[in-house]
Amino acid sequence: MAYDPNNIFARILRGELPCQKVYENDHALAFNDINPLMPVHILVIPKGPYVTLADMTAKATAEEIAGFLAAVAETARLAGVEDEGYRIVGNNGRHANQEVLHFHVHIFGGRQIGGRMIKS
Ligand code: 5GP
């Protein structure tokens, strides 16, 4: 699927839409989800134009991929959920109901999360 440069997260990256920034490095931006489902609900997005994880791993440099992954860990640490734990989720494609077609990872935490991985 082609990347749409006018998707919401691309516009946030360009500063055209606001966000509550939590962390940023050369390759990733982390900000609070606009509709939080948990006390901590943060999105981490790569700065490059990738639709899915497969798209990113096919096109991004090793440095970008490492920088993105490091940003996920650093964001969780800054959000204060490292000690008690957190869950990362990445919705990819139609079966996962991916809403925004710019690859992203959700960080959920701040309270005990249900034991089940998914609910239908
Ligand atoms: P997805 O289903 O694609 O994994 O989730 C997209 C997430 O982006 C949703 O949790 C939704 O609340 C969040 N979101 C959508 N639009 C915006 C926005 O304009 N700003 C922020 N901060 N989050 C958004």
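Student: Okay, what does the secondary structure of this chain come to in helices and strands?
Tutor: Quick ground rules: this is a predicted model, where local features need pLDDT of at least 70, side-chain atom pairs count only at pLDDT 80 or more, and totals for chains, interfaces and linings use all residues. Residues are numbered from 1 along each chain as its sequence is written, and side-chain values use heavy atoms, with hydrogens and water left out. Helices (H or I, at least four residues) and strands (E, at least two) are DSSP runs, numbered from the N terminus. On that basis the chain has three helices and five strands.

Student: And which pattern does the chain follow along the sequence?
Tutor: Take those helices as α and the strands as β, and there are three of the one and five of the other. Reading along the sequence then gives α-β-β-β-α-α-β-β.

Student: What is the radius of gyration of the chain?
Tutor: It's taken over C-alpha atoms, and the globule rule to hold it against is 2.2 Å times the number of residues to the power 0.38. For 120 residues that rule gives 14 Å, and the chain comes close to it, so it is as compact as a globular protein of that length. The C-alpha box along the principal axes is roughly 35 × 30 × 30 Å. The radius of gyration itself is 14 Å.

Student: What share of the contacts between residues at least 6 apart in sequence joins residues at least 24 apart?
Tutor: Contact here means heavy atoms within 4.5 Å. Filter for pairs at least 6 apart in sequence, then ask which of them are at least 24 apart, and you get 55%.

Student: Is Thr-52 buried or exposed?
Tutor: Thr-52 sits in the loop between strand S3 (40–46) and H2. Beyond its neighbours within four places in sequence, Thr-52 is in contact with Asn-92, Gln-98 and Phe-103. The cut-offs are under 20% relative accessible area for buried, over 50% for exposed, and partly exposed in between (1.4 Å probe, protein chains only). Thr-52 has 19% relative accessibility, so it counts as buried.

Student: How many salt bridges does a search of the whole structure find?
Tutor: Side chains of opposite charge can pair when their charged atoms come close. The test for a salt bridge is a side-chain nitrogen of Lys or Arg within 4 Å of a carboxyl oxygen of Asp or Glu. Run over the whole structure, the search finds six.

Student: Which residue does Asp-55 form a salt bridge with?
Tutor: Look in helix H2 (residues 53–59), where Asp-55 and its partner are four residues apart, which means about one helical turn. Asp-55 is buried at 11% relative accessibility, while the partner is exposed at 55%. The closest N and O atoms are 2.6 Å apart, and the partner is Lys-59.

Student: What is the N to O distance between Glu-74 and Arg-77?
Tutor: Both residues lie in helix H3 (residues 62–78), three residues apart, about one turn of the helix. Glu-74 is partly exposed at 22% relative accessibility, and Arg-77 is partly exposed at 48%. Their side chains meet in a salt bridge with an N to O distance of 2.8 Å.

Student: Which residue does the side chain of Glu-24 meet in a salt bridge?
Tutor: Glu-24 is partly exposed, with 37% relative accessibility. The partner has 52%, so it counts as exposed. The N to O distance is 2.6 Å, and the partner is Lys-21.

Student: Which residues are linked in a network of salt bridges?
Tutor: Here a linked set goes beyond one pair, with two Arg residues and a Glu involved. The members are Arg-11, Arg-14 and Glu-16.
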